[in-house]
Amino acid sequence: MQCRITDLRCKEIINISDGSRIGYTEDVEVILPEGRVCAIIAYGRGRFFGLFRGEEYYIPWDCIKRIGDDIILVDKHFKEDRSCKEQKRCRRF
């Protein structure tokens, strides 16, 4: 299956361990010399009428179970990480 990064942005991410909606793919982390995708990044629900972003979800490529036509299924439990550089509230695996 061939897929472009722009195609990933239109797909919703679902966590199959608890059935929750994580959000949509916002960014992709790529290792440049090899051109290998190592993670996708999604933002949670917006706050205050969608003006502020919610938590940031960093999803390693190994946690992705299936990429469908309109959703991406991941299987992992989230835990909070206080050492996030970009935001105060960040969730990682």
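Which residues make up the largest nonpolar core? I will come to that after a word on the model.

This is a predicted model, in which local features need pLDDT of at least 70 and side-chain atom pairs count only at pLDDT 80 or more, while totals for chains, interfaces and linings use all residues. Residues are numbered from 1 along each chain as its sequence is written, and side-chain values use heavy atoms, with hydrogens and water left out.

Now the core. Its twelve residues are Leu-8, Ile-13, Ile-22, Val-28, Ile-40, Ala-42, Tyr-57, Ile-59, Cys-63, Ile-64, Ile-72 and Val-74. By nonpolar core I mean a set of buried Ala, Val, Leu, Ile, Met, Phe, Trp, Tyr and Cys residues joined through side-chain atoms within 4.5 Å. Buried is under 20% relative accessible area, exposed is over 50%, and partly exposed lies in between, with a 1.4 Å probe and protein chains only. At least two residues of this core come from each of β2, β3 (36-43), β4 (56-60) and β6 (71-74). As a general remark, nonpolar side chains in soluble globular proteins tend to be buried together.

Next, the overall layout. The chain has one helix and eight strands, and from the N terminus the order is α-β-β-β-β-β-β-β-β. Helices (H or I, at least four residues) and strands (E, at least two) are DSSP runs, numbered from the N terminus. Of the 93 residues, 32% count as buried. The accessible surface is about 7,000 Å², and 47% of that belongs to carbon and sulfur atoms; these areas come from the Shrake-Rupley method with a 1.4 Å probe, and for residues only the protein chains shown count as cover. Among contacts with a separation of 6 or more, 38% are between residues 24 or more positions apart, where contact means heavy atoms within 4.5 Å.

On to strand β6. Two strands pair if DSSP finds at least two bridges between them. β6 runs parallel to β1, with four bridges joining them, and antiparallel to β5 (residues 64-67), with three bridges. The connection from β5 to β6 is a hairpin through three residues. Within the β5 pairing, Arg-66 stands opposite Leu-73 and Ile-64 stands opposite Val-74. Val-74 is also the bridge partner of Asn-15.

Which side chains of β6 point to the buried face, and which to the other? Ile-72 and Val-74 point to one face and are buried, whereas Ile-71 and Leu-73 point to the other and are not. Ile-72 and Val-74 are both listed in the core I began with.

One residue of β5 deserves a separate look, and that is Lys-65. Lys-65 is partly exposed, at 48% relative accessible area. Leaving aside neighbours within four places in sequence, Lys-65 is in contact with Ile-16, Leu-73, Val-74 and Asp-75. Of these, Ile-16 is 49 residues away from Lys-65 in sequence, yet the C-alpha to C-alpha distance is 9.1 Å.

Now the charged pairs. Side chains of opposite charge can pair when their charged atoms come close. A salt bridge here is a side-chain nitrogen of Lys or Arg within 4 Å of a carboxyl oxygen of Asp or Glu, and by this rule there are two.

One is between Arg-9 and Glu-26, at 3.9 Å from N to O. This pair links distant parts of the chain, with Arg-9 in the loop between α1 and β1 (12-15) and Glu-26 in strand β2 (residues 20-31), 17 residues apart. Arg-9 is partly exposed at 46%, and Glu-26 is partly exposed at 33%.

The other joins Glu-12 and Arg-21, at 3.4 Å from N to O. What is the burial state of Glu-12, and what is that of Arg-21? Glu-12 counts as buried, at 15% relative accessibility, while Arg-21 is exposed, at 61%. Glu-12 is found in strand β1. Beyond its neighbours within four places in sequence, Glu-12 is in contact with Arg-21, Gly-23, Tyr-24, Asp-70, Ile-71 and Ile-72.

Last, the surface. Ile-5, Val-30 and Leu-32 form a nonpolar patch, with about 290 Å² of accessible area together. Patches are made of residues with over 30% relative accessible area and no salt bridge, with like charges joined within 9 Å and nonpolar side chains (Val, Leu, Ile, Met, Phe, Trp, Tyr) within 5 Å. Ile-5 lies in helix α1 (residues 5-8), and is partly exposed at 45%.
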